[in-house]
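Me: Hi! Could you walk me through the inside of this one?

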Amino acid sequence: QVQLVESGGGLVQAGGSLRLSCAASENIFSFKNMGWYRQAPGKQRELVGSIARDGITNYADSVKGRFTIARDIAKNTVYLQMNSLRPEDTAVYYCNAVRIVIGTASNTYWGQGTQVTVSS
């Protein structure tokens with residue numbers, strides 16, 4: 001069973017930075033893509049950004065220019081660098097990985113989440 005373990009969340013003032021880490025129990029190249037999602041209280045979980053196997057990244061409009069996804073293949077770890085944080089970035093952040101099983105079928109894996117709180 002694939003395990004994704006997030007870390008790095010915490011409390012930060014508006015304008016500050018945090019870096020989240022997602023350590024996978026398997027080679028991250030085995031995943032079609034890996035992503036970061038977040039869920040604020042009373043809201044649906046939303047995509048923050050993702051990185052494909054070929055390294056191409058994409059981001060939600062709300063975080064473009066402020067957040068960056070990177071990976072360390074040797075450590076099987078994906079990072080989310082968050083700069084210029086705003087109170088509206090407050091949420092539980094989840095790591096996600098998608099693996100193709102066969103054809104178009106895929107398995108999706110989730111981490112346990114890490115809380116990010118941005119104070120004004």
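Here is a short chat about its cavity, pocket and core.

Reply: Sure! This is a predicted model, where local features need pLDDT of at least 70, side-chain atom pairs count only at pLDDT 80 or more, and totals for chains, interfaces and linings use all residues. Residues are numbered from 1 along each chain as its sequence is written, and side-chain values use heavy atoms, leaving out hydrogens and water.

Me: How many cavities of 30 Å³ or more are there?
Reply: One. A cavity is a set of points on a 1 Å grid over the protein atoms alone where a 1.4 Å probe fits but cannot get out.

Me: And which residues line the largest cavity?
Reply: Ile28, Phe31, Lys32, Asn33, Met34, Ile51, Ala52, Arg53, Arg71 and Val78; lining means having an atom within 4 Å of a point. Strand 4 (33–39) and strand 5 (46–52) each supply at least two of them, strands being DSSP runs of E with at least two residues.

Me: What does Met34 touch?
Reply: Beyond its neighbours within four places in sequence, Met34 is in contact (heavy atoms within 4.5 Å) with residues including Leu4, Cys22, Ile28, Ile51, Val78 and Cys95.

Me: Switching to pockets, how much space lies in the largest pocket?
Reply: About 180 Å³, a volume being the space filled by probe spheres set on the grid points, which are joined across faces, edges and corners. A pocket is an open set with protein on both sides within 12 Å along at least five of seven lines.

Me: Which residues lie nearest its centre?
Reply: Of the 14 lining residues, Arg38, Ala40, Lys43, Glu46 and Glu88 do.

Terms used:
Helix = DSSP H or I, 4+ residues; strand = E, 2+ residues; numbered from the N terminus.
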